[in-house]
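Colleague: I should like to learn how to read pockets and buried positions in a model that I have not met before. Would you kindly guide me through one?

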Amino acid sequence: MPIAPSPLPRRQVQRHSVQRHSVLTVPALAGLLALSAPGSLDAQAAGAAMPPRPTEAIRARSGMVVSASDIASQVGSQVLASGGNAIDAAIATGFALAVTYPTAGNIGGGGFMVVRFPNGRTTTIDFRERAPGASSPTMFTDSTGTYSSRIHHNSHVSVGVPGTVAGFELAHRKYGKAGWKNLVSPAAALADTGFMVPTGLASSLTGARTKLQQYAASRAAYYKVDGSPYAAGERLILADLGRTLGRIRDGGRDGFYKGTTASLLAAEMRKHGGLITEKDLAEYEAKERAAVRGTFNGYEVISMPPPSSGGVAMIEMLNILEGFPLKEAGHNSPKYVHWLAESMRRAFRDRAMYLGDPDFSKPPIDRLMSKPYANSLRATIAADKASPSSPADVTQGYESDETTHYSVVDKDGLAVSVTYTLEAGYGLGAVVEGAGFLLNNEMGDFNGKPGLTDSTGLIGTAPNIAQPGKRMLSSMTPAIVARDGKLVAVVGSPGGRTIINTVMQVVLNIIAFDMPVQQAVNAGRIHHQWLPNRLTVEREGFEPSTLEALRAMGHDVRVGGQQGTAHSIAIDAKTGERLGAPDPRDRDAGARGN
Ligand code: DON
């Protein structure tokens, strides 16, 4: 039985302005350059209308792109319309997001791409940032040996060697179809000629003023000469970023990792006490890795292996939950939320204990994702009582809330799920002088100091301690669902550690509760991460009586804001249509089909 989405209060209904478009027809790849023409994207981007939270997904016969920026979705969709495949469209969308969604879209960060080919084969591209060569386990301590949150999260030492350009280049070289230049040109043109600032970006840049204006290059790039923010509908031109994208367009990965861009980045590091050198940049490599795969009631769930913890933790939780009568209990009922929270508690403990870069240690992922292991964990879950979480073991670390996920399906059913990030919103907040792109602060995803595990939320376990060349542990969970050899859905989300739980709940909404994809995306979400021992629920979507029942079981229930933005695509099993479901929690998001 389909589950109705919870109604939203009027205030929130009015705030959403997700862009929803079905069919775009652009005849030739050459037409992509027209995207930079003033006015061509601006009408949508300025987004005057504020439609209510949608109940229906956008349908398209052939291809679909759903991302946090309608402008970027349009770029990707036009690549599809021009004969590119989903890999090409994902790359073009990713580059465009680096211009139009600077809080998380990037060329200065990193992420993961999960791919399912029409014949059912799967693969992943790991373009996670790496620790520079001068890194060490104690690099986040000050001169007295004391752990410093500032060094860890808010200094040029917190910048990892960026992976995005190398990841896109690897994906394109192995699986792309369109010419590389055609994939970078739209983004370069958007930066060069500018685009109308959409409403979400205008308010985001207003909120990020203090952070970004610490750095002269960030202030010059993203604010007016007097330091005031751009209003929605005003044109933002990012000239230095346009030139860097031009070098990437013309020189491929070398346009970023060598030559002018690399020297500018290395100079930025020298000026601000950062560690990344031109050698670190030249040596960066993206990697192709086998996807992790789990099953749930006949569905196949495909996701990212370490260095992301996302796929392993999600499959571990799905295995536990498969043994409970979820549908019978009812969606977001007290029983269901209790089972979710207890599964999360167990998987997040294992995440902290075992997971890190597989090139440096061998996490026991087969055991963690096995059905017998899940059975043993399920047996420890009481019917109506919350388990304890002990700070004597491992505790959680700092987590921010800014990353972005997008989903792409092409006419052949090739599916691409990409989550990438700068870590915090706008990363470190620093734009590289002369190169125009924002730096990540991803080194903050390494553990702070060996052995330093405490109740303030630090983890000091070995697998995720910084070392030269190592990739920091991630929670990003780009995912693809299939059944009987057919594509079912493409899902993912930002949200730090909440990502894993958000993605799992959207997946469960589709495969355990048979919800249509837009309702699956809209539905209220919960989060538990073992420590701190609390259960966070979104404000919308939960009955007060449910929260009371959970409290009676011993859960420390906190009502929070929005959790994640899961821009997803499902396939209509009857018609084969692509159903684009932008998450209305993201104001500038858009689904673009053709
Ligand atoms: O890789 C990770 O798990 C984090 N750096 C992601 C950060 C994040 O999702 C913040 N965003 N919403």
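Modeller: The following exchange treats the pockets and then one residue of this predicted model.

Colleague: What volume does the largest pocket have, and which residues are the closest to its centre?

Modeller: The volume of the largest pocket is about 760 Å³. Its lining comprises 28 residues, and those closest to the centre are V488, I571, D572, A573 and L579.

Colleague: Which strands and which helix each supply at least two residues of that lining?

Modeller: They are strand 14 (486-491), strand 18 (568-571), strand 19 (578-581) and helix 21 (517-522). By class, the lining of the largest pocket holds 13 nonpolar, eleven charged and four polar residues.

Colleague: Where does the second largest pocket lie with respect to the domains?

Modeller: The second largest pocket lies between domain 1 (26-288 + 422-464) and domain 2 (290-399 + 476-583), because both give residues to its lining. Its volume is about 580 Å³. Of its 26 lining residues, Y101, S204, E402, R585 and D586 are the closest to the centre. Helix 8 (residues 199-207) provides the largest share of this lining, with five residues. The lining divides into 13 polar, seven charged and six nonpolar residues.

Colleague: Is A72 buried or exposed?

Modeller: A residue counts as buried when its relative accessible area is under 20%. A72 is therefore buried, since its relative accessibility is 0%. This residue belongs to helix 3 (residues 70-81).

Colleague: Which residues does A72 touch, leaving aside those up to four places away in sequence?

Modeller: A72 touches S67, T93, A96, L97 and T100. The C-alpha atoms of A72 and A90 are separated by 9.7 Å, and the two residues are 18 residues apart along the chain.

Terms used
Residues are numbered from 1 along each chain as its sequence is written. This is a predicted model: local features need pLDDT of at least 70, side-chain atom pairs count only at pLDDT 80 or more; totals for chains, interfaces and linings use all residues. Side-chain values use heavy atoms; hydrogens and water are left out. Helices (H or I, at least four residues) and strands (E, at least two) are DSSP runs, numbered from the N terminus. Buried means under 20% relative accessible area, exposed over 50%, partly exposed in between (1.4 Å probe, protein chains only). Contact means heavy atoms within 4.5 Å. On a 1 Å grid over the protein atoms alone, a cavity is a set of points where a 1.4 Å probe fits but cannot get out, and a pocket is an open set with protein on both sides within 12 Å along at least five of seven lines; lining residues have an atom within 4 Å of a point. Grid points are joined across faces, edges and corners, and a volume is the space filled by probe spheres set on the points. Ala, Val, Leu, Ile, Met, Phe, Trp, Tyr, Cys and Pro count as nonpolar, Asp, Glu, Lys and Arg as charged, and the others, Gly among them, as polar. Domain bounds come from an automatic or database domain assignment.
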